[in-house]
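Student: Could you take me through one part of this model closely, namely the parallel sheet and the helix that packs on it? I would like a connected account rather than a list.

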Amino acid sequence: MIHVIIPHTKEENPRLEEVLAYALEGRDWERIEDPKDLQKVMKEEAAPSLLFAVSLPRSGDAPAWRTFIADCLTYPHTLEGAVGAVIVDGAGELFTKSLARELIFAANYAGCAFPGKPLVEARGDLYNFNTAAKIRGVDNFEAYLEAARALVTKLEQGIPAAAGEGRRNVLMIHASSRATSNSLLLWEMVKKGLGDRAEVTEISIRDGAIVDCRGCGFETCRHFGEKGDCFYGGLVVEQVYPAILACDALVLICPNYNDAVGASLTAMFNRLTALFYNNDFSAKKIFALVVSGYSGGELLAEQVIGAMCLNKGFALPPHFAMLETANDPRSILERDGVEDRAAAMAARLLR
């Protein structure tokens, strides 16, 4: 059973209704217009499949979804065990991606997992389907229909299990200084909770060790990616690529710099494109440890969702991000309950 969450609004959206009818044809599904009814589903099913269908007006104002997001953040275990996917149909060109990231962050905060690439978004003019339409030899609306149907199939299949048994292979990537980093101190707490149940690899991409993507053409990028390579080589090809291919879980250490992920991590996101073209990341899970000096941790978590889950296809496990606030060096150690929260994150990494 697929549960389609589509809050009732005064404005109808015939295009979204047509897309849902096509994507769900022949499947067992139900429509949930009042998100409060979702709680009955959560009580009756251990692992429900949730399709969030968002009709977004040109203004970007979606009060019913704002209420849903607020409920997820207020009650952080209400979607525990669920697996979700999102369709956003926008009347204009703006806010489809930003609302989707915010919705996925909030649902994940409440315990909902998401497979890799769990979003189909449609701008008002469907221009964002140009490339997919050309590849398939169809028009943009047909490309939208097929993308929605493929998303429903992915939702039914759930998140693939990691290959093999025994200890988990955990890769941690950072660009921080161990002498001053609250973020790395937090990681040490999490790593302690892993014990001998995980094989841990740590890679530093600090101090110019990584060159940003220069925008090679698609064919060039794919050609190098077929060999596990990239035109610009370096640490990314020599260490990061092999480690990502080997890992079950990837942990990104994300100190908050000006409400954004640091430049080195951003460069790494960009350089993963060559590897993504030729490898399936759907069984790999992404985690993030985000430490802010004052506020804004959710902004970085949403950036990681966008880059690594929506774009590169890593699976998003429940409660994927640990958000902490610490300013002065080593002040993370003074945060109430931080060791318990780190132990809980370690348990999620091993799950």
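Tutor: A crossover is called right-handed if, with the strands pointing away from the viewer, the path from the first strand over the helix to the second runs clockwise. In this predicted model, β6, α7 and β7 make a β-α-β unit of that right-handed kind, and the sheet around this unit is a good place to begin.

The sheet is open and has five strands in the order β7-β6-β8-β9-β10, with parallel pairing. Because β7 (198-204) and β10 (321-325) stand at the edges with a single partner strand each, one side of each is left without a neighbour in the sheet. From one strand to the next the twist averages 15 degrees.

Strands of a sheet pair through backbone hydrogen bonds, either parallel or antiparallel. Here β6 is joined to β7 by seven bridges, the two strands running parallel, and one residue pair in this register is H174 with its bridge partner S204 in β7. Towards β8, strand β6 (residues 168-174) pairs with residues 249-255 in the parallel sense over four bridges; L171 stands opposite L250 of β8, and I173 stands opposite L252 of β8.

The strand β6 is mostly covered, with seven of its seven residues buried. In a regular strand the side chains alternate between the two faces of the sheet. Along β6, R168, V170, M172 and H174 point one way, whereas N169, L171 and I173 point the other way, and all of these residues are buried.

Helix α7 (residues 182-194) packs on the sheet and touches β6, β7, β8, β9 (285-292) and β10, while its direction makes about 165 degrees with that of β7. The length of the helix can be checked by simple arithmetic: at 1.5 Å a residue, the 13 residues of α7 should span 18 Å, and the end C-alpha atoms are 19 Å apart, which agrees. At the N-terminal end, S181 caps α7, with a side-chain oxygen 3.2 Å from the backbone nitrogen of S183. After α7 comes G195, whose phi is positive, near 55 degrees.

The buried residues of α7 are N182, S183, L184, L185, L186, W187, M189, V190 and L194, where buried means under 20% relative accessible area. What covers these residues includes the strands β6, β7, β8, β9 and β10, and also α13 (338-350).

On the other side of β8 from β6 in the strand order lies β9, and seven bridges join β8 to β9, which run parallel. L250, the residue that stands opposite L171, also stands opposite I286 in β9. The strand β9 is mostly covered, since seven of its eight residues are buried. Five bridges then join β9 to β10, again in a parallel run, and the bridge partner of A288 in β10 is A321. Between these two strands the chain crosses from β9 through helix α12 (residues 297-311) to β10, and this β-α-β crossover is right-handed.

Technical notes:
Residues numbered from 1 in each chain as written. Predicted model: local features only at pLDDT ≥ 70, side-chain atom pairs only at ≥ 80, totals over all residues. Heavy atoms only, no water. Pairing = 2+ DSSP bridges. Axes fitted to C-alpha atoms, helices over the stretch in contact; angles between N-to-C directions. Contact = heavy atoms within 4.5 Å. Buried < 20%, exposed > 50% of the residue type's maximum accessible area, 1.4 Å probe, protein only. Expected span 1.5 Å × (residues − 1). Polar contact = N/O pair within 3.5 Å; in protein donor to acceptor, adjacent residues only side chain to side chain.
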